[in-house]
Amino acid sequence: MSIFGNNILGKNIFGHKDTDPAPESSAAEPSVQKSDAEWRRELTPEEYHVLRQSGTERPYTGEYWDTHTAGVYQCRACGTELFTSNEKFDSHCGWPSFFAPLAEGTVRYIHDRTLGMERVEVRCATCDSHLGHVFEGEGYPTPTDQRYCINSVSLKLVPRGEPQVSRAEAEA
Ligand SMILES: [Zn+2]
């Protein structure tokens with residue numbers, strides 16, 4: 001049984017137990033598509049593990065779990081803007097947490113039953129990389145009562161007011 005409610009951003013992403021096993025089959029193709037070899041080449045081993053293999057960084061170890069810098073969080077894999085500091089809140093769960101994505105359609109949702117839990121996985125809609133999970137109804141005092149629990153390693157913070165730099169420049 002689902003611990004989740006039924007609605008998020010007007011879409012029925014929680015509690016769709018009857019339409020599996022392929023609820024994601026109707027999703028649009030991601031516009032950024034690369035081979036596994038390309039992703040391995042472009043990402044660090046930790047980034048590859050989380051983004052492309054749906055891994056999870058250890059809590060309280062990521063770069064952004066306790067960050068309060070104003071800015072925009074991009075997808076670490078493709079650079080799409082996914083979240084902003086306006087929706088970030090202190091969940092004290094050890095991962096950066098947001099109560100909503102930057103805009104509807106920037107992320108996509110997949111039902112995840114691994115580890116014996118019923119969860120909703122959050123992926124970048126542009127490149128289909130794993131970001132984290134979204135939980136609902138936990139009682140956080142936010143406008144949506146949702147917690148987008150996102151791996152720091154899946155994100156790249158661009159502080160407000162600073163020019164955006166490419167991935168290559170940032171790592172040079
Ligand atoms: Zn992406």
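**Exercise 1. Elements of the chain**

How many helices and strands does the protein chain have? Then give their order and say how far the model can be trusted.

*Solution.* Step 1. The protein chain has three helices and nine strands. Helices (H or I, at least four residues) and strands (E, at least two) are DSSP runs, numbered from the N terminus.

Step 2. From the N terminus on, the elements run α-α-β-β-β-β-β-β-β-β-β-α.

Step 3. Residues are numbered from 1 along each chain as its sequence is written. The model is predicted: local features need pLDDT of at least 70, side-chain atom pairs count only at pLDDT 80 or more, and totals for chains, interfaces and linings use all residues.

Step 4. pLDDT is the predictor's confidence in each residue, from 0 to 100. The protein chain averages 86, and 78% of the residues score at least 70. Over residues 1-12 the pLDDT is below 50, and this stretch has 20 contacts in the model beyond near neighbours in sequence. Two residues are in contact if their C-beta atoms, placed from the backbone, lie within 7 Å. Residues 16-26 also stay under 50, with six contacts beyond four places in sequence. Where pLDDT is low, the predicted coordinates should not be read in detail.

**Exercise 2. The two sheets**

Find the order of the strands in the open sheet of three strands and in that of six.

*Solution.* Step 1. Two strands pair if DSSP finds at least two bridges between them.

Step 2. The sheet of three strands has the order E2-E1-E9, with antiparallel pairing. E2 and E9 are its edge strands, each pairing on one side only. On average, neighbouring strands here are turned by 30° against each other, direction ignored. The axes behind this angle are lines fitted to C-alpha atoms, for helices over the stretch in contact, and angles run from 0 to 180 degrees between N-to-C directions. Five bridges link E1 and E9, and Cys75 stands opposite Leu155 in E9.

Step 3. The sheet of six strands has the order E3-E4-E8-E7-E6-E5, also with antiparallel pairing. Its edge strands are E3 (88-89) and E5.

Step 4. Now follow the pairs within this sheet. E5 and E6 are joined by six bridges, and Asp112 stands opposite Arg119 in E6. Four bridges join E6 to E7, where Arg123 stands opposite His130 in E7. Between E7 and E8 there are five bridges, and Glu136 stands opposite Gln146 in E8.

Step 5. Look at the turns. The hairpin of E5 and E6 has six residues between the strands, and Leu115 in the turn has a positive phi of about 60°. In the hairpin of E6 and E7, with five residues between the strands, Asp128 takes a positive phi near 65°.

**Exercise 3. The core**

Which residues touch the most other members of the largest nonpolar core?

*Solution.* Step 1. A residue is buried if 20 or more other C-beta atoms lie within 10 Å of its own, exposed if 12 or fewer, and partly exposed in between, with C-beta atoms placed from the backbone. Buried residues make up 32% of the 172 residues in the protein chain.

Step 2. A nonpolar core is a set of buried Ala, Val, Leu, Ile, Met, Phe, Trp, Tyr and Cys residues joined through C-beta atoms within 7 Å. The largest one has 30 residues, and Ala77, Val122, Cys124 and Ile150 touch the most other members.

Step 3. Among the elements that each supply at least two residues of this core are helix H2 (45-53), strand E6 (119-124) and strand E8 (146-150).

Step 4. Take Ile150 alone. Not counting residues up to four places away in sequence, Ile150 touches residues including Phe83, Trp95, Val122 and Leu155.

**Exercise 4. Helix H2 and residue Ala70**

Are Glu47, Val50 and Leu51 in H2 buried or exposed? Then place Ala70.

*Solution.* Step 1. Glu47, Val50 and Leu51 are buried. They lie on the same side of H2, because they cover an arc of only 85° around the axis. The arc is that of the directions from the helix axis to the C-beta atoms.

Step 2. On the other side of H2, Pro45 and Gln53 are exposed. What covers the buried residues of H2 includes E7.

Step 3. Ala70 is in the loop between H2 and E1. Ala70 counts as partly exposed because it has 13 C-beta neighbours inside 10 Å.

Step 4. Ala70 and Arg160 are 90 residues apart in sequence and 5.6 Å apart in space, C-alpha to C-alpha.
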